Amino acid sequence: MTLYQKILVGIDTSLQSELALNKATTIASKNQATLDIVTVINTEKFIGVTQGPMGFGAATPQVLQELTKQLKATLAQARRKAVEAGVPDVQIHLHSGNSKTLLATTLPARYGTDLIVIGATGLNAVSRFLIGSNAAYVTRRAVCDILVVRTDLAHQLVEHPTRLTRKL
């Protein structure tokens, strides 16, 4: 069995990412591995966040500032959880850009990742068709092993509510 030493977990504020964080933390603790907890502000999805005079718009600086603040708090909480679980080296990272390519190739190459842990998508079929799933993309393009998490720590399937957006 491969002992993973550099684990990357992508999180946001969804239930799926909470499950992924739990599994990544457990694996990192058992292997005494480094855990890189990553959140990506996917700037490509901000069109339409605020309404302009034509019925569409882009995120305002205030919206991005509030989102950044919330995501930094989420990362700090995730780090505390991992440290309390016995992970010896926990790093947190906030990036902006295309979450799919960052999680699949760019960040694993930068951090020397040998295992990516990511939650299964919570999007419905229409949303997956229109914007795609991070998990599906990462599975196809990753430069290392992948664990797509669908179950809790007791290996019980967790029913996810499907919705178009994640809570902030």
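Which residues does V9 touch, not counting residues up to four places away in sequence?

## Surroundings of V9

V9 touches A20, L21, A24, L35, D36, I37, V38 and V117, not counting residues up to four places away in sequence, where contact means heavy atoms within 4.5 Å. This is a predicted model, in which local features need pLDDT of at least 70 and side-chain atom pairs count only at pLDDT 80 or more, while totals for chains, interfaces and linings use all residues. Residues are numbered from 1 along each chain as its sequence is written, and side-chain values use heavy atoms, with hydrogens and water left out.

V9 is found in strand β1 (strands are DSSP runs of E, at least two residues, and helices are runs of H or I, at least four, numbered from the N terminus). V9 has a relative accessible area of 0% and is therefore buried, a term that means under 20% relative accessible area with a 1.4 Å probe, protein chains only.

## Nonpolar cores

The largest nonpolar core (buried Ala, Val, Leu, Ile, Met, Phe, Trp, Tyr and Cys residues joined through side-chain atoms within 4.5 Å) has 21 residues, and those with the most contacts inside it are I7, V9, I11, L35, I37 and V117. Two or more residues come from each of β1 (6-10), α1 (15-31), β2 (34-41), α2 (61-84) and β4 (115-119), with α1 giving the most, 5 residues. Apart from this core lies another, of 14 residues, among them V38, A104, A135 and Y137.

## S17 in helix α1

S17 lies in helix α1 and counts as buried because its relative accessibility is 6%. The side chain of S17 makes a polar contact (N or O atoms within 3.5 Å, one able to donate a hydrogen and the other to accept it) with the side chain of D12, at 3.0 Å.

Definitions and conventions. Buried < 20%, exposed > 50% of the residue type's maximum accessible area, 1.4 Å probe, protein only.
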